[in-house]
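Hi,

Here is the structure I promised to pass on. Have a look at it first, and then read on for what turned up.

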Amino acid sequence: MENTQREPDFKSLIRRLTAFALRLFAEHGMPGAGAVLPGLGISAEDLAGKVLIEYCQGRIKHHASKGALITLLCTAVRNDFYDALDRAPHKREQVPDRANEDDENPNADLDAYADPSLCNPVVALDDEKYQAYVLKCLEDEPELREVCEAVFFLDVEKPSDIAHALGIPVAEVHNRRKKLQRRLIEYRLVRLS
Amino acid sequence: MKKERNSREARNKITKLSERLFGDPTEIDADEATELLAAAGLNTSELEDRMYSRLYNEAQKYWMNQEPLPPLLKKALADLRPTTAPARNENELAQQAKSSIERLVETAKLLPALLQHQAPTFATAYRRKGNLTDSDKELIEEAKSDLQRKLRKIGNDNDI
């Protein structure tokens with residue numbers, strides 16, 4: 001448990017914070033280190049770096065009584081991510097109708113041609129779209145899908161509840177969660193290779 | 001107002017789902033984080049170097065204003081200082097020397113494995129093939145002799 005008395009190990013902190021930010025991007029259809037928020041050009045690494053600087057400057061203050069430092073910083077990353085999504089230019093602009101797009105407008109937004117459930121992070125701000133995206137990533141991973149389906153459709157919360165619902169050991173739930181996280185982060189990379 | 005509330009509700013719902021699926025952020029330890037970074041295509045030492053640059057740029061603003069660095073910023077810069085950066089004091093110099101020697105020792109440990117190579121051999125598997133004319137066999141024999149000559153030459157060069 002980190003506290004204000006013990007100085008943080010910044011190498012570990014940066015890795016954990018950036019990994020969390022990458023997961024956040026991946027969950028919203030933007031996997032991989034090169035992914036950026038459309039129209040803003042902000043990457044997972046940028047968000048983690050910004051929060052880390054704010055913490056180093058004392059603008060984000062950690063009190064041991066309020067929980068682990070990493071939780072505080074990850075919450076800050078998550079809030080910044082959603083705030084950035086709300087600010088993203090594509091949220092303010094009308095996305096052109098794909099059917100009406102043609103060669104007359106060579107500068108048309110190419111995002112409009114892509115599958116919105118995969119590429120447009122705005123749709124992921126809907127929990128149903130979020131669920132659909134995560135399940136789509138796991139089309140060929142039945143064991144991982146099971147965990148997601150238990151969480152999404154059976155409304156189970158704790159690992160022990162998931163284990164009970166699926167009839168598997170709790171340790172297996174933890175294993176699958178780790179695989180799931182990794183699978184999601186590398187999803188697009190795998191598909192493109 | 002309604003839009004803001006909807007956005008907030010969506011954030012909360014997704015956060016709840018995410019934490020149920022993946023667990024609390026505290027569950028990502030440093031080792032797992034390193035694996036996840038690699039899965040996303042990020043090199044950890046390069047990431048640390050880039051973060052150091054970001055922090056260094058922030059520190060410059062304090063130096064320019066002749067203000068003391070906040071303690072956490074100072075600690076972060078010390079933790080992330082690249083080993084390739086010039087040493088600023090004897091401790092850093094000793095640390096860099098230690099790292100260099102450790103790298104050399106690690107490389108030296110690999111040498112025996114690298115030196116235990118086997119000389120390449122030529123397998124005459126073609127002899128089992130059917131439907132070979134005499135001229136085919138002649139061509140193959142020539143190629144075989146040529147290769148064996150080259151292999152002998154490589155072997156002699158390695159002995160030197």
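To start with a single residue: is Asp146(B) buried, partly exposed or exposed? Asp146(B) counts as partly exposed, at 30% relative accessibility. Before going further, please keep in mind that this is a predicted model, so every value below is computed from predicted coordinates.

Asp146(B) has a charged partner in its own chain: it makes a salt bridge with Arg149(B), with 2.9 Å between the closest N and O atoms. Both sit in helix α6 of chain B (residues 134-159), and because they are three residues apart there, about one helical turn separates them. Arg149(B) is partly exposed as well, with a relative accessibility of 48%. Over in chain A, salt bridges with shared partners tie Glu143(A), Glu146(A), Glu172(A) and Arg176(A) together in one network.

How many salt bridges are there over all chains? The search of the whole structure comes up with 24. As background, side chains of opposite charge can pair when their charged atoms come close.

Two of the pairs that link the chains may interest you. In one of them, Glu157(A) bridges to Arg20(B), and their closest N and O atoms are 3.7 Å apart. This pair crosses between chains: Glu157(A) is in the loop between α7 (142-153) and α8 (159-166) of chain A, while Arg20(B) belongs to helix α1 (residues 2-22) of chain B. The two ends differ in exposure: Glu157(A) is partly exposed, with a relative accessible area of 47%, whereas Arg20(B) is buried, at 12%.

The other pair is Lys178(A) with Glu32(B), a salt bridge whose closest N and O atoms lie 3.0 Å apart. Here too the chains are crossed, from helix α9 (residues 170-192) of chain A to helix α2 (residues 30-40) of chain B. Lys178(A) is partly exposed, its relative accessible area being 41%, but Glu32(B) counts as buried at 9% relative accessibility.

Now for the chains themselves. Chain A is split into domain 1 (10-92) and domain 2 (116-186). The centres of these two domains, taken over C-alpha atoms, are 22 Å apart.

Chain B has six helices and zero strands, so listing its elements from the N terminus simply gives α-α-α-α-α-α. It has 160 residues, and 27% of them count as buried. If you take the contacts in chain B between residues at least 6 apart in sequence, 27% of those join residues at least 24 apart. The accessible surface of chain B is about 11,900 Å², and carbon and sulfur atoms account for 53% of that.

One last thing, about the cysteines. How many disulfides are there over all chains? The count is zero. Why is Cys56(A) not in one? Its closest cysteine sulfur is in Cys74(A), 15 Å away, and that is too far for a bond. Cys56(A) is also buried, with a relative accessible area of 1%. For Cys148(A), the closest cysteine sulfur is the one in Cys137(A), at 9.2 Å, which is again too far for a bond. Cys148(A) counts as buried too, at 0% relative accessibility. For reference, a disulfide here needs the two sulfur atoms to be within 2.5 Å.

Cheers

Note on methods:
Residues are numbered from 1 along each chain as its sequence is written. Chains are lettered from A and ligands numbered from 1 in the order in which they are written. This is a predicted model: local features need pLDDT of at least 70, side-chain atom pairs count only at pLDDT 80 or more; totals for chains, interfaces and linings use all residues. Side-chain values use heavy atoms; hydrogens and water are left out. Domain bounds come from an automatic or database domain assignment. A salt bridge is a side-chain nitrogen of Lys or Arg within 4 Å of a carboxyl oxygen of Asp or Glu. Helices (H or I, at least four residues) and strands (E, at least two) are DSSP runs, numbered from the N terminus. Buried means under 20% relative accessible area, exposed over 50%, partly exposed in between (1.4 Å probe, protein chains only). Contact means heavy atoms within 4.5 Å. Accessible areas come from the Shrake-Rupley method with a 1.4 Å probe; for residues, only the protein chains shown count as cover.
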